[in-house]
Amino acid sequence: QVQLVESGGGLVQAGGSLRLSCAASGRTFSNYHMGWYRQAPGKDREFVAAIGRDGASTYYADSVKARFTISRDNAKNTVYLQMNSLKPEDTAVYYCNANRFDTAPEDYWGQGTQVTVSS
């Protein structure tokens with residue numbers, strides 16, 4: 001099992017920045033692809049960003065490209081999401097995800113952290 005704990009959410013004005021962190025424990029962190037998803041009230045959970053095991057590959061939803069940056073520190077078992085130029089539509093609960101499918105499929109989620117962007 002992998003345990004994921006997000007932190008760094010909060011209330012910020014439009015145009016501001018936040019950095020989310022997700023600390024992982026339980027298994028070898030570098031074996032897992034990591035991602036961030038978000039869910040706004042009344043909407044489905046949606047993909048935000050993902051990063052490969054060694055951090056060399058990153059992927060972003062079109063809505064956050066050029067504003068958000070995902071990174072990871074395998075020595076600290078932590079993945080980050082730097083969010084700049086925040087917009088009210090970025091308001092959501094942000095969830096950390098860890099997955100691997102090269103062996104038996106594994107898919108883990110954190111409990112989420114609230115991000116609220118005021119206009």
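## A walk around strand β8

Let us start with a pair of residues: T69 stands opposite Q82 in β8. What you are looking at is a predicted model, where local features need pLDDT of at least 70 and side-chain atom pairs count only at pLDDT 80 or more, while totals for chains, interfaces and linings use all residues. Residues are numbered from 1 along each chain as its sequence is written, and side-chain values use heavy atoms, with hydrogens and water left out.

A few terms will help on the way. Strands (E, at least two residues) and helices (H or I, at least four) are DSSP runs, numbered from the N terminus. Two strands pair if DSSP finds at least two bridges between them. By that rule, β7 and β8 pair in the antiparallel sense over six bridges. S71 is another residue with a partner here, standing opposite Y80 in β8. On another side of the story, strand β3 (residues 18-25) also pairs with β8, in the antiparallel sense and over six bridges. In that pairing, L18 stands opposite M83 in β8.

How enclosed is β8 by the rest of the structure? Five of its six residues are buried, so β8 is largely enclosed. Here, buried means under 20% relative accessible area, exposed means over 50%, and partly exposed is in between (1.4 Å probe, protein chains only). Strand β7 has two faces: F68, I70 and R72 make up the covered one, and T69, S71 and D73 the uncovered one.

A good residue to pause at is T78, which is placed in strand β8. T78 counts as buried because its relative accessibility is 9%. Its side chain reaches the backbone oxygen of K76 at 2.8 Å. That is a polar contact, a pair of N or O atoms within 3.5 Å; within protein, one atom must be able to donate a hydrogen and the other to accept it, and residues adjacent in sequence count only if both atoms are side-chain atoms. Contact in general means heavy atoms within 4.5 Å. Leaving out residues up to four places away in sequence, T78 touches S21, C22, A23, F29, S71, R72 and D73.

Now follow the chain into the turn. β7 and β8 form a hairpin with four residues between them. N77 lies in this loop, between β7 (68-73) and β8 (78-83). What is the phi of N77? It is positive, about 55°, although N77 is not a glycine. Most residues other than glycine have a negative phi. N77 counts as partly exposed because its relative accessibility is 28%. A second residue of this kind is S85, with a positive phi of about 50° although it is not a glycine. S85 sits in the loop between β8 and β9 (92-100), and a relative accessible area of 40% makes it partly exposed.

N77 also leads us to an empty space. How many cavities of 30 Å³ or more does a search of the whole structure find? The search finds one. On a 1 Å grid over the protein atoms alone, a cavity is a set of points where a 1.4 Å probe fits but cannot get out, and lining residues have an atom within 4 Å of a point. Grid points are joined across faces, edges and corners, and a volume is the space filled by probe spheres set on the points. The largest cavity has a volume of about 50 Å³, and its lining consists of V2, L4, A24, S25, R27, F29, Y32, M34, N77 and A98. These residues divide into seven nonpolar, two polar and one charged. In this grouping, Ala, Val, Leu, Ile, Met, Phe, Trp, Tyr, Cys and Pro count as nonpolar, Asp, Glu, Lys and Arg as charged, and the others, Gly among them, as polar.

Our last stop is strand β9, where N97 is found. N97 is buried, with a relative accessible area of 2%. A polar contact of 2.9 Å joins the side chains of N97 and N99, and the side chain of N97 reaches the backbone oxygen of Y108 at 3.0 Å. Among the residues that N97 touches are L4, M34 and Y37. Y37 belongs to strand β4 (residues 33-39) and is partly exposed, at 23% relative accessibility. Eleven residues separate Y37 and V48 in sequence, and their C-alpha atoms are 4.9 Å apart in space.

Methods. On a 1 Å grid over the protein atoms alone, a cavity is a set of points where a 1.4 Å probe fits but cannot get out, and a pocket is an open set with protein on both sides within 12 Å along at least five of seven lines; lining residues have an atom within 4 Å of a point.
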